[in-house]
Amino acid sequence: MNFVEAKLELQQLLNKVNLCEVGKLLDWMKNSDELDHLLLDNNKVILQNIADDLRARLPLDAMFPSEAAAHLKMQQCARPTVHVDSFLYGDEQVDSLCEEGAMSRNYCLSCGSFRTAPLEFISHSFSATELQFVFQNLLPDLRDRTVVDVGSRLGAVLYGGYVYSSASRLFGLEVNEDFVRLQNDIVHKYKLCDRVQVVHADVCTQEVLLQSTDVLIMNNVFEYFLESSKQVSAWRFIMQTFRKTGSLLVTVPSLQESLNALQVALEPGWVEELPVDYNVYLGRDTDPEALRQIHLYRVL
Ligand SMILES: C[S@@+](CC[C@H](N)C(=O)[O-])C[C@H]1O[C@@H](n2cnc3c(N)ncnc32)[C@H](O)[C@@H]1O
């Protein structure tokens, strides 16, 4: 049964329900977790298993000591900021880690007092729900298409693209060798090598690959990892190189937000923004605010 047929059948059912009970039923459908098992498929289980493996190999903040620049940038944020990787930790896991005292959502404003303020949480990875949204709702059918994730880190986009899309090739570009090793271990363990390849390289050296890429994914790649002048050169390189007409660009945050922060002008006539329908429920972990940060562009 497709969406239109199901909607019709549901409307017919709701017409039969006592008027005074309709609100209760709709509230149950919207807020109860009793229907969530309908959304759990094998792909989600594979991603959960990969996340379990990665958690076992990483410290709680999922950052390596080799990321000195990123650690420093986070310390310089206006509000106290911690990295909680959303591919590895869902809301429920964060809650139980907070209960155990291993993690905290708040910091103390004056030591010893009850005056606390919320910590700023950032994630350097997409969550499994965001990946499902990107590959099942945002992007078209990717059969015979090549996807490149700029700054692939844990490899979340590569694993999400493998299970949720038919993309023929999924390339991850990553400058940090520790993360390249980690991704390669997962790719081999889960036998993803037929479609996934991790490249240890700076995106700015990948002219040939970017010229033939159909979908480029950029999840806040540079902000925490490169100094401003290097971010400017990297964006200029991408605007000049990723130019195949009709190819798609997925960014977090919007191009405007990233480029304005660096006072870089968007290359005229490079891309157009495409409308996105964010009204989709993908399970309890769906964060509508996070989905709205995901933008889609087409190269002109
Ligand atoms: C925010 S993470 C992106 C994570 C991943 N794409 C995802 O969505 O789950 C950014 C990653 O980009 C890498 N990176 C930063 N600058 C890069 C560059 N010029 N070339 C390749 N990787 C880069 C960083 O090392 C970091 O691991």
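**Close-up 1. A salt bridge within helix 3 of this predicted model.** Asp52 and Arg55 sit three residues apart in helix 3, residues 42-57, so about one helical turn separates them. Their side chains meet in a salt bridge, at 2.3 Å from N to O. Side chains of opposite charge can pair when their charged atoms come close. Asp52 is partly exposed, with 38% relative accessibility. The structure holds nine salt bridges. The pair of Asp52 and Arg55 is one of them.

**Close-up 2. A salt bridge from helix 3 to helix 8.** Asp53 forms a salt bridge with Lys189. The closest N and O atoms of this pair are 2.8 Å apart. Asp53 lies in helix 3, while Lys189 belongs to helix 8, residues 177-189. The pair therefore ties together parts that are 136 residues apart in sequence. Is Lys189 buried or exposed? Lys189 counts as exposed, at 53% relative accessibility.

**Close-up 3. The salt bridge of Asp141 and Arg143.** The side chains of Asp141 and Arg143 meet at 3.1 Å, N to O. Asp141 is partly exposed, with a relative accessible area of 48%. Arg143 is exposed, and its relative accessible area is 54%. The cut-off for exposed is over 50%.

**Close-up 4. An open sheet of seven strands.** The strand order is 7-6-5-8-9-11-10, and the pairing is mixed. Which strands stand at the edges? They are strand 7, residues 196-200, and strand 10, residues 271-273. Each has a single partner strand, so one side of each is left without a neighbour in the sheet. From one strand to the next, the twist averages 20 degrees. Strands of a sheet pair through backbone hydrogen bonds, either parallel or antiparallel.

**Close-up 5. Strand 5 beside strand 6.** Strand 5 covers residues 146-150, and strand 6 covers residues 169-174. The two run parallel and are joined by five bridges. Thr146 stands opposite Arg169 in strand 6. Val147 stands opposite Leu170, also in strand 6. How many residues of strand 5 are buried? Five of the five are buried, so strand 5 is largely enclosed by the rest of the structure. Thr146, Val148 and Val150 point one way from the strand. Val147 and Asp149 point the other way.

**Close-up 6. Ser152 in the loop after strand 5.** Ser152 is found in the loop between strand 5 and helix 7. At 4% relative accessibility, Ser152 counts as buried. What does Ser152 touch, leaving out residues up to four places away in sequence? Its contacts are Leu158, Gly172, Leu173, Glu174 and Gln183. Among them, Gly172, Leu173 and Glu174 fall within strand 6, residues 169-174.

**Close-up 7. Helix 6 under cover.** Helix 6 spans residues 128-138 and is mostly covered. Eight of its eleven residues are buried. They are Thr129, Glu130, Leu131, Gln132, Phe133, Val134, Phe135 and Leu138. What covers these buried residues? The cover includes three helices: helix 3, helix 7 (156-164) and helix 12 (288-292). It also includes strand 8 (215-219), strand 9 (248-252) and strand 11 (295-299). Strands 8, 9 and 11 also appear in the order of the open sheet.

**Close-up 8. A nonpolar patch on the surface.** Leu10, Leu13, Leu26, Trp28 and Met29 make a nonpolar surface patch of about 400 Å². Helix 1, residues 3-16, and helix 2, residues 19-31, each supply at least two residues of the patch. Which helix gives the largest share? Helix 2 does, with three residues. Leu13 is found in helix 1. Leu13 is partly exposed, with a relative accessible area of 44%.

**Close-up 9. Thr81 in strand 1.** Thr81 has its place in strand 1, residues 81-83. Is Thr81 buried or exposed? Thr81 counts as buried, at 14% relative accessibility. Leaving out residues up to four places away in sequence, Thr81 touches Met74, Glu120 and Ile122. Leu192 lies 111 residues from Thr81 along the chain. The C-alpha atoms of Thr81 and Leu192 are separated by 34 Å.

Methods:
Residues are numbered from 1 along each chain as its sequence is written. This is a predicted model: local features need pLDDT of at least 70, side-chain atom pairs count only at pLDDT 80 or more; totals for chains, interfaces and linings use all residues. Side-chain values use heavy atoms; hydrogens and water are left out. Two strands pair if DSSP finds at least two bridges between them. Helices (H or I, at least four residues) and strands (E, at least two) are DSSP runs, numbered from the N terminus. Axes are lines fitted to C-alpha atoms, for helices over the stretch in contact, and angles run from 0 to 180 degrees between N-to-C directions. Patches are made of residues with over 30% relative accessible area and no salt bridge: like charges are joined within 9 Å, nonpolar side chains (Val, Leu, Ile, Met, Phe, Trp, Tyr) within 5 Å. Accessible areas come from the Shrake-Rupley method with a 1.4 Å probe; for residues, only the protein chains shown count as cover. A salt bridge is a side-chain nitrogen of Lys or Arg within 4 Å of a carboxyl oxygen of Asp or Glu. Buried means under 20% relative accessible area, exposed over 50%, partly exposed in between (1.4 Å probe, protein chains only). Contact means heavy atoms within 4.5 Å.
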